[in-house]
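Trainee: I am new to this one. Could you walk me through it and tell me how each label is earned?

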Amino acid sequence: LQHPIIGSPSWDTIEREPNNPIYIGKIPYEWPVNGFLFQDPPTKIWYAYIGMYPKNYWPTGGCLLLKEISSNNWKEIGIILEGDPKGFDGDGINSGGMPDVSIVFDKGIYHMIYDWGNPTNTKGGIAYAWSKSPEGPFHRDPKPIHLDLDQPLLLNRYQRVYAATLFRREKDWLILAMMSTPRN
């Protein structure tokens, strides 16, 4: 977060909210990370979509949704996106993880981009789901948008795409994702 001309950001004016943290992990997902904060344009209600990770990182869970019910007072809605043993993230018996999401509201539809991994963390990528409500249900596309195994190594090291963010631009859509090594 450092710009070569304007320098580093100043955190002098950042104040911690008195009711933080808004969520604390619990077994088996003690490490909730990669949260996505979203204000619903029609209702102005704030939501937090939180990736559910265990202490040892794998296997991940689904995406937990929190809803702000009053000023910095959050209610747990529940898991709103999770794997399917018979889907592209599953192995026929177990479902994979899909913890990290990004939401964009456009023309009455909530578009979700999310990362996923199979149960053994040997295959993963980016996928799409949609809903008519920020609280779901979200309908997953049957095929992923991106499969890590199809991604050539970048800088001879990076292949895993995760924690993607979706942007609606004037004439198209853009996905900005982080990169990691195979199997993280």
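Mentor: Gladly! This is a predicted model, and a good place to begin is E135 and K67, whose side chains meet in a salt bridge at 3.0 Å, N to O.

Trainee: What makes the pair E135 and K67 a salt bridge?

Mentor: The N to O distance is 3.0 Å, and the cut-off is within 4 Å for a Lys or Arg nitrogen and an Asp or Glu carboxyl oxygen. Therefore the pair E135 and K67 earns the name.

Trainee: Which parts does the pair of E135 and K67 tie together?

Mentor: E135 sits in the loop between strand 7 (124-131) and strand 8 (139-140), while K67 belongs to strand 3 (residues 63-70), so the link joins parts that are 68 residues apart in sequence.

Trainee: Why is E135 called partly exposed?

Mentor: Its relative accessibility is 27%. Buried would need under 20% and exposed over 50%, so E135 falls in between.

Trainee: How do you know that K26 and E76 form a salt bridge?

Mentor: Their closest N and O atoms are 3.5 Å apart, and that is within 4 Å, so the pair qualifies. K26 lies in the segment before strand 1 (31-39) and E76 in strand 4 (residues 73-81), so parts 50 residues apart in sequence are tied together.

Trainee: What makes R169 and D172 a salt bridge?

Mentor: Here the closest N and O atoms are 2.8 Å apart, so this pair also meets the 4 Å cut-off. R169 is partly exposed at 40%, and D172 is partly exposed at 31%.

Trainee: How many salt bridges does a search of the whole structure find?

Mentor: The search finds six.

Notes: Residues numbered from 1 in each chain as written. Predicted model: local features only at pLDDT ≥ 70, side-chain atom pairs only at ≥ 80, totals over all residues. Heavy atoms only, no water. Helix = DSSP H or I, 4+ residues; strand = E, 2+ residues; numbered from the N terminus. Buried < 20%, exposed > 50% of the residue type's maximum accessible area, 1.4 Å probe, protein only.
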